[in-house]
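This report describes the packing of nonpolar side chains and the pairing of charged ones in a predicted model. The sequence and structure are shown first.

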Amino acid sequence: MIYLTAIVLAAILAWTVPLPWIPSPLSDILFAIGIVTIVGVVAIDVSAMRTLHRARTTIMPHRGSEHLVSGGPFSFSRNPIYLANTMLTFGIGLIAGSAWFLLLGLLAAFATQKLAIEREEKHLEARFGKRYRDYRKKVRRWI
């Protein structure tokens, strides 16, 4: 919900209070980077969801994890789905040519860390103990 709110708010702000954007030809390159970013988002999300499904653990952030998942995209980010959500917001901003998406994407990432990730990390440490602490030492929170 945090990222959906950020995207909707960024779209409204882009329409009502447009910010200056980088002119062509650099804006065309940023547009292409936005497309590539969104393709990456789909790849990360699909891979993360499949990895969680194979591990028979929940994808729902408000439910407790049954298993510590450290393979697939979880081997390079402890939060690949949140990372993909942030990338999606940035990618939309690059395609739309709006700095609002970049700003609100950063705010959404900060809010996600404070409201979700830190709480989830406490749950994982309580549930999996040393295994989670070892995993946390090897894999960064975001990237």
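## Nonpolar cores and salt bridges

In this predicted model, the largest nonpolar core comprises 14 residues, and Tyr3, Ala10, Tyr82 and Trp142 have the most contacts inside it. At least two residues of this core come from each of helix 1 (2–16), helix 3 (80–96) and helix 4 (99–128). The greatest contribution is that of helix 4, which gives seven residues. Alanine 10 illustrates the packing: leaving aside residues up to four places away in sequence, alanine 10 touches Trp100, Phe101 and Leu104. Another core lies apart from the largest one; this other core has 11 residues, among them Leu52, Leu68, Val69 and Leu124. In soluble globular proteins, nonpolar side chains tend to be buried together.

The charged side chains are considered next. The count of salt bridges comes to six. Three of the pairs are set out below.

| Acidic residue | Basic residue | Closest N and O atoms |
|---|---|---|
| Glutamate 121 | Arginine 141 | 2.7 Å |
| Glutamate 125 | Arginine 133 | 3.4 Å |
| Glutamate 125 | Arginine 136 | 3.1 Å |

The pair formed by glutamate 121 and arginine 141 links distant parts of the chain, 20 residues apart: glutamate 121 belongs to helix 4, whereas arginine 141 is in the segment after helix 5 (130–138). Is glutamate 121 buried or exposed? Glutamate 121 counts as buried because its relative accessibility is 12%, under the 20% limit. Arginine 141, with a relative accessible area of 24%, is partly exposed. This salt bridge therefore joins a buried glutamate 121 to a partly exposed arginine 141. The pair is also part of a network of salt bridges that links Arg78, Glu121 and Arg141.

Glutamate 125 forms a salt bridge with arginine 133 and another with arginine 136. Since arginine 136 lies in helix 5 and glutamate 125 in helix 4, their pair ties together parts that are 11 residues apart in sequence. Which exposure class applies to glutamate 125? At 29% relative accessibility, glutamate 125 is partly exposed. Arginine 133 is likewise partly exposed, its relative accessible area being 32%, and arginine 136 counts as partly exposed at 30% relative accessibility.

Notes:
Residues are numbered from 1 along each chain as its sequence is written. This is a predicted model: local features need pLDDT of at least 70, side-chain atom pairs count only at pLDDT 80 or more; totals for chains, interfaces and linings use all residues. Side-chain values use heavy atoms; hydrogens and water are left out. A nonpolar core is a set of buried Ala, Val, Leu, Ile, Met, Phe, Trp, Tyr and Cys residues joined through side-chain atoms within 4.5 Å. Buried means under 20% relative accessible area, exposed over 50%, partly exposed in between (1.4 Å probe, protein chains only). Helices (H or I, at least four residues) and strands (E, at least two) are DSSP runs, numbered from the N terminus. Contact means heavy atoms within 4.5 Å. A salt bridge is a side-chain nitrogen of Lys or Arg within 4 Å of a carboxyl oxygen of Asp or Glu.
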